[in-house]
Amino acid sequence: MRILGALQLDHAAARLGGRLIWTEVDLEVQEGEFVAILGPNGAGKSTLLKALLGVVPLAEGSVRVFGRPVRRGSDEIGYLPQRRRFDPDLRIRAVDLVRLGLDGERWGMSLPSPAKTNRVAEMVELVGAAAYQDRPIGELSGGEQQRILIAQALVSGARMLALDEPLESLDLNNQQAISELIRSICQTRGVTVLLVAHDINPILPFVDRVVYVAGGHVLSGKPQEVIRTETLTALYGTPVEVLHTSDGRIVVVGQYEPVTHHPDDH
Amino acid sequence: MSMLGLEFMRNAFMAGGCIALAAGLVGYFVVLRNQVFTADALGHVAFTGGLGGVLAGLNLLAGVFGSCIAVALAIGALGGRGRGRDIAIGTVFAWVLGVGALFLSLYTTARSAASGTLGVSVLFGSILGLQPAQVVVGSLTGIATAVVLLLIARPLLFLSVDPEVAVARGVPSRALSALFFVLVAVTVAESVQAVGALLIFGLMVTPAAVAQNLSTRPWVGMALSAGIAVAVVWLGLVVAFYIALPASFLITGLAFVLYLASHLARRMSRIGRLA
């Protein structure tokens with residue numbers, strides 16, 4: 001018997017502002033997999049996530065999530081958009097943001113509900129944010145905000161997390177801590193994780209597979225199979241070189257801007 | 001004679017309270033969404049629209065409601081946020097105010113000089129001189145605005161604090177933003193005869209700012225904002241009844257004092273937490 005795929009794209013193409021950004025994408029992700037989505041800026045990594053959220057419609061082909069056609073507002077996918085920080089003046093408690101992930105799209109006022117309060121508390125506990133859940137979201141650090149947003153993404157019972165650069169603008173310790181948190185959610189709860197990253201290195205020990213988006217196409221496989229000089233050169237269509245540093249990091253250099261860099265450059 | 005024995009005082013409490021309720025609730029989101037400038041600018045439209053309505057031989061209120069709602073929908077269609085939009089809004093509204101000056105001049109030359117006070121009354125309102133029909137219109141639109149706002153409050157809160165996730169979760173972003181602008185416009189329009197197109201701004205922004213200083217719980221904040229707006233209007237009216245000062249001065253003055261006090265309270269609590 002065939003295992004039910006968590007995500008399936010068939011001959012998919014996406015258009016953004018009249019321009020085709022990738023075409024002929026065939027991709028399958030199994031339930032419980034931790035997948036990193038890599039590639040240069042503007043290659044369409046975020047668009048890939050938005051396509052499976054139903055926010056950006058496909059120009060061609062089909063996308064199915066847990067065997068069903070996608071629709072906007074599905075409870076099965078938790079989304080964490082690429083963003084900068086919240087406005088420091090935003091005077092809303094962190095826990096209220098998590099609650100909005102549960103029923104924020106419904107009309108009317110929010111009435112007290114012990115079941116919903118418990119569900120929110122469970123998620124806040126899971127991401128280790130209980131200590132600062134009552135503080136205004138704008139006052140929290142980048143790492144703290146990221147934990148709250150992961151709780152928000154999970155709270156509606158999501159079986160898949162679509163995370164757009166969740167490690168961006170975090171320091172090394174927080175990158176490590178958030179990566180480990182995501183892996184543990186993936187393993188203990190069987191949640192499928194699709195994580196867009198600029199830099200593979202912080203998540204390299206955790207990912208099952210990488211999906212590389214470049215040159216209008218997509219390539220997927222084990223990290224050591226995909227992130228190689230020959231494979232990436234073929235994908236980009238221009239010479240690209242993959243280097244391994246002495247401390248075990250991978251660096252991709254080529255005619256495009258380097259797609260990985262030392263985190264201290266931030 | 002007792003205060004509530006007077007019809008004009010009862011009218012002022014009734015219409016002022018309903019308008020304040022709407023202004024406090026709508027204002028909570030105006031402040032949360034950083035749209036204070038847009039709300040202020042709608043007051044200019046109300047001024048020009050009201051005078052235009054009278055000049056065209058229509059009702060003043062028809063002009064105010066029509067122009068405010070039309071402009072609100074136009075801003076909604078413009079979409080987006082940030083600097084570019086602020087500049088566009090500022091440019092258009094300055095021009096609208098200029099048109100208002102033209103209307104005022106046409107109006108005063110066309111009629112007797114005594115009617116020249118119309119401009120002043122649109123800007124500052126006359127809460128103690130409301131006609132029965134004005135009380136009914138002000139009260140009903142105030143309550144209706146508050147009810148509609150509460151119906152959309154939750155998705156609007158989501159869209160205001162976390163727009164991208166809200167859209168992904170199915171919140172209709174464009175429609176909701178446009179509807180909210182219309183609610184702001186209606187709040188400005190309904191207030192024109194009671195507190196005026198300029199002073200409504202004080203009822204929309206100040207109570208909401210106080211509420212956000214006092215509470216970081218969104219639903220508590222909304223209730224506080226509405227409650228404070230109603231309280232300052234009623235308290236201002238009571239004080240105005242006993243001492244001969246303009247009600248609008250007392251209402252905005254009270255709101256301002258509360259604002260300063262809430263800032264102090266927030267600062268003290270932060271110091272307390274750090275200690």
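These exercises with worked solutions deal with a predicted model, its salt bridges, its cysteines and the contact between chain A and chain B.

**Exercise 1. A salt bridge between chains**

Task: Find which two parts of the structure the salt bridge of B:R169 and A:D75 joins, and say of each residue whether it is buried, partly exposed or exposed.

Solution.
1. Start with the general idea: side chains of opposite charge can pair when their charged atoms come close.
2. Check the distance. The N to O separation between the side chains of B:R169 and A:D75 is 2.9 Å, and the cut-off for a salt bridge is 4 Å.
3. Locate each residue. B:R169 sits in the loop between α7 (163–168) and α8 (173–191) of chain B, while A:D75 sits in the loop between β5 (68–69) and β6 (77–80) of chain A, so this pair joins two chains.
4. Look at the accessibility. B:R169 has a relative accessible area of 7% and is buried. A:D75, at 38%, is partly exposed.

**Exercise 2. One glutamate, two partners**

Task: A:E122 forms a salt bridge with A:R119 and a salt bridge with A:R189. Describe where the partners lie along the chain.

Solution.
1. Take A:R119. Its closest N and O atoms with A:E122 are 3.7 Å apart. Both residues belong to helix α3 (residues 114–126) of chain A, three residues apart, which puts about one helical turn between them.
2. Take A:R189. Here the closest N and O atoms are 3.4 Å apart. A:E122 is in helix α3 and A:R189 in helix α5 (residues 172–189) of chain A, so this salt bridge ties together parts 67 residues apart in sequence.
3. Compare the surroundings. A:E122 is partly exposed, at 36% relative accessible area. A:R119 is partly exposed at 24%, and A:R189 is partly exposed at 39%.
4. Add another group. A:E31, A:R68, A:E76 and A:R159 are joined into one network by salt bridges that share partners.
5. Place these in the total: the whole structure has 15 salt bridges over all chains.

**Exercise 3. Cysteines without a bond**

Task: Explain why B:C18 and B:C68 do not form a disulfide.

Solution.
1. Recall what is being looked for: a disulfide is a covalent bond between the sulfur atoms of two cysteines.
2. Find the closest cysteine sulfur to that of B:C18. This sulfur is in B:C68, 19 Å away, which is too far for a bond.
3. Repeat from the other side. For B:C68, the closest cysteine sulfur is in B:C18, again at 19 Å.
4. Note the accessibility. B:C18 is buried at 11%, and B:C68 is buried at 0%.
5. Conclude with the count: there are zero disulfides over all chains.

**Exercise 4. The contact between chain A and chain B**

Task: Describe the contact by its residues, its buried area and its polar pairs.

Solution.
1. Count the residues. Chain B supplies 31 and chain A supplies 36.
2. Give the area. The two chains bury about 2,900 Å² between them, and 54% of it is on carbon and sulfur atoms.
3. Name the residues of chain B that lose the most area to chain A. They are B:R154, B:R169 and B:T216, which together account for 28% of what that side buries.
4. Count the pairs. Three salt bridges run between the chains, and one of them pairs A:D103 with B:R154, with the closest N and O atoms 2.9 Å apart. There are 14 residue pairs in polar contact between the chains.
5. Assign the side of chain B to its elements. Those giving two or more residues include α1 (7–32), α6 (132–161) and α10 (218–242). Helix α6 of chain B gives the most, with eight residues.
6. Sort this side by residue type: 17 nonpolar, six polar and eight charged.

**Exercise 5. The surroundings of one threonine**

Task: Is B:T145 buried or exposed, and which residues is B:T145 in contact with, leaving aside its neighbours within four places in sequence?

Solution.
1. Locate the residue: B:T145 is part of helix α6 of chain B.
2. Read the accessibility. B:T145 is at 3% and counts as buried, the limit being under 20%.
3. Check the polar atoms. A polar atom of the B:T145 side chain lies 2.5 Å from the backbone oxygen of B:T141.
4. List the contacts beyond those sequence neighbours: B:A22, B:V26, B:L183, B:V186, B:T187 and B:E190.

Methods:
Residues are numbered from 1 along each chain as its sequence is written. Chains are lettered from A and ligands numbered from 1 in the order in which they are written. This is a predicted model: local features need pLDDT of at least 70, side-chain atom pairs count only at pLDDT 80 or more; totals for chains, interfaces and linings use all residues. Side-chain values use heavy atoms; hydrogens and water are left out. Helices (H or I, at least four residues) and strands (E, at least two) are DSSP runs, numbered from the N terminus. Buried means under 20% relative accessible area, exposed over 50%, partly exposed in between (1.4 Å probe, protein chains only). A disulfide is a pair of cysteine sulfur atoms within 2.5 Å. Contact means heavy atoms within 4.5 Å. Buried area is the accessible area (1.4 Å probe) that two parts lose on being put together, summed over both. A polar contact is a pair of N or O atoms within 3.5 Å; within protein, one must be able to donate a hydrogen and the other to accept it, and residues adjacent in sequence count only if both atoms are side-chain atoms. Ala, Val, Leu, Ile, Met, Phe, Trp, Tyr, Cys and Pro count as nonpolar, Asp, Glu, Lys and Arg as charged, and the others, Gly among them, as polar.
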